[in-house]
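Trainee: Could you walk me through this structure, starting with the sheet and ending with the charged pairs?

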Amino acid sequence: MEQQTKAMLSIEDLMIWYKTYRGYAKVVDGISLEVFPGEKVGLVGESGCGKTTTMKAIMQTLPADIIHVPQGEIWFEGQNVLTMTKEQLLKMRRTGVSMISQSPLSALNPVFTVGEQLMDIIKYSGQYSKANKKEMREVALEAISSVMLPDPERIMNSHPHQLSGGMRQRICIAAALVTPKHLLIADEPCSALDVTIQDQIHRMLRVLVEEKQRALVMITHSLGVARELVDRIFIMYGGTIVESCYISDLFSNPSHPYTVGLLECVPRLTGGGLSTGIYGYVPDYINPPKGCRFCPRCSKAMDICREQKPSPVEIAPGHHVACFLYGDRAQEKEAQNKTDYKAHGEGG
């Protein structure tokens with residue numbers, strides 16, 4: 001897909017630390033990414049790698065009393081989110097960015113009905129200021145119908161606790177889509193839904209992005225979902241982006257050892273034995289490894305991996321890998337191996 005010249009969202013060298021009783025937990029460690037209009041981007045990684053924290057930083061919904069951002073910038077449509085005023089943030093949330101939460105119980109207010117909550121979103125978006133209550137109600141009913149919920153009138157008059165978990169999840173999706181937004185962040189939006197509804201929601205999201213020239217960031221654990229839905233993918237590990245590329249390149253040429261490990265974890269329906277998994281544990285964010293955060297689990301780790309953090313290297317057009325197996329360090333290592341081999345041969 002041909003990219004626009006200007007990114008809608010740009011994150012530059014962002015770090016996010018959580019204050020804990022043991023010290024700072026350095027959860028996000030200098031990530032950078034861009035999202036362009038009309039593009040579908042996937043953010044994939046295991047639980048606790050910083051995916052949701054990064055996206056909540058865009059929305060500025062992280063708890064201010066325990067969050068520290070030592071460096072980095074977040075630009076949305078030409079404005080730095082980290083320096084926005086309260087009024088600018090409200091405008092961005094109402095018209096610019098919406099987020100589908102993976103926890104519908106915390107996203108929905110138990111005191112108000114579904115209809116009241118959807119109507120408030122429509123009212124305060126400012127995009128239906130001239131519409132009367134009846135017209136706004138029609139918009140809310142249409143949003144409920146769009147996520148394949150039967151009997152929208154009943155749903156409108158129901159409180160969240162009167163709905164099942166899957167129904168609440170679909171209401172969160174409807175709330176994110178009820179008013180037009182430029183960027184949609186979907187945090188595991190279909191984790192509580194059965195596979196047929198998942199497919200319908202994914203189709204709806206794809207059409208919404210492609211026809212309306214909006215942008216989508218899909219947070220997921222599933223490489224299968226990413227393969228079906230997104231154009232580009234970012235693989236996260238331990239608060240860092242270890243690989244980024246177009247989705248077709250990921251499956252044809254996985255390059256970072258962690259990405260290779262992820263793909264080997266996927267069960268094979270065609271046989272070939274059990275998935276191997278990835279040895280070891282996620283890093284301790286209070287005392288993370290000095291160099292590459294994947295180093296303690298990597299079978300290809302070198303001495304430099306333990307001392308320095310690798311920078312992204314472009315190994316093919318649009319395909320970046322943060323690993324010392326590639327780039328100048330790999331060439332230096334190859335040259336050193338040749339020198340050692342030559343010296344050994346002469347000595348023999």
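Mentor: Happy to; what follows is a set of questions and answers on this predicted model.

Trainee: In the open sheet of 8 strands, which are the edge strands?

Mentor: The strand order is E7-E8-E9-E3-E10-E11-E13-E12, and the pairing is mixed. An edge strand pairs on one side only. That description fits E7 (97-100) and E12 (313-316).

Trainee: And what does the twist average from one strand to the next?

Mentor: Keep the open sheet of 8 strands in mind. Going from one strand to the next, the twist averages 20°.

Trainee: Do strands E3 and E9 run parallel or antiparallel, and how many bridges join them?

Mentor: Take a bridge partner as an example: Lys-40 is matched with Leu-216 in E9. Strand E3 covers residues 40-44 and E9 covers residues 215-220. The two run parallel, and the number of bridges joining them is 5.

Trainee: Which helix lies across E7 and E8, running at about 175° to E7?

Mentor: There are two helices to consider here. Helix H1 (residues 51-59) lies across E3, E7, E8, E9 and E10, but its angle to E7 is about 145°. The helix at about 175° to E7 spans residues 165-177 and is H7.

Trainee: Which element gives the most to the largest nonpolar core?

Mentor: That core has 60 residues, and Ile-201, Ile-233 and Ile-235 have the most contacts inside it. The top contributor gives 8 residues, and this is H7. A separate second core of 38 residues includes Val-35, Ile-58, Ile-67 and Val-81, but the answer for the largest core remains H7.

Trainee: Is Thr-240 buried or exposed?

Mentor: Thr-240 sits in strand E11 (residues 240-246). Beyond its sequence neighbours up to four places away, Thr-240 touches Asp-29, Ile-31, Ile-235, Arg-293 and Lys-309. Its relative accessible area is 12%, and the cut-off is under 20%, so Thr-240 counts as buried.

Trainee: Which residue has its backbone oxygen 2.8 Å from a polar atom of the Thr-240 side chain?

Mentor: The atom on the Thr-240 side of this pair is a polar one of the side chain. Its partner, at 2.8 Å, is the backbone oxygen of Tyr-237.

Trainee: Where does Asp-231 lie, given its link to Lys-40 in strand E3?

Mentor: The side chains of Lys-40 and Asp-231 meet in a salt bridge at 3.5 Å, N to O, and both residues are buried. They are 191 residues apart. Asp-231 lies in the loop between helix H9 (223-229) and E10.

Trainee: Why does the salt bridge of Glu-153 and Arg-137 tie together separate parts, and how many residues apart are they in sequence?

Mentor: Their side chains meet at 3.0 Å, N to O. Glu-153 is partly exposed at 40% relative accessible area, and Arg-137 is partly exposed at 28%. Because Glu-153 belongs to helix H6 and Arg-137 to helix H5, the pair ties together parts whose separation is 16 residues.

Trainee: Is Asp-303, the partner of Arg-306 in a salt bridge, buried or exposed?

Mentor: Both residues lie in helix H12 (residues 303-307), about one turn apart. Arg-306 has 43% relative accessibility and counts as partly exposed. Asp-303 is at 63%, so it counts as exposed.

Trainee: Which residues do salt bridges with shared partners join into one network?

Mentor: A search of the whole structure finds 12 salt bridges. Those that share partners form one network of Asp-29, Arg-293 and Lys-309.

How values were computed
Residues numbered from 1 in each chain as written. Predicted model: local features only at pLDDT ≥ 70, side-chain atom pairs only at ≥ 80, totals over all residues. Heavy atoms only, no water. Pairing = 2+ DSSP bridges. Helix = DSSP H or I, 4+ residues; strand = E, 2+ residues; numbered from the N terminus. Axes fitted to C-alpha atoms, helices over the stretch in contact; angles between N-to-C directions. Contact = heavy atoms within 4.5 Å. Buried < 20%, exposed > 50% of the residue type's maximum accessible area, 1.4 Å probe, protein only. Polar contact = N/O pair within 3.5 Å; in protein donor to acceptor, adjacent residues only side chain to side chain. Core = buried A, V, L, I, M, F, W, Y, C linked by side-chain atoms within 4.5 Å. Salt bridge = Lys/Arg side-chain N within 4 Å of Asp/Glu carboxyl O.
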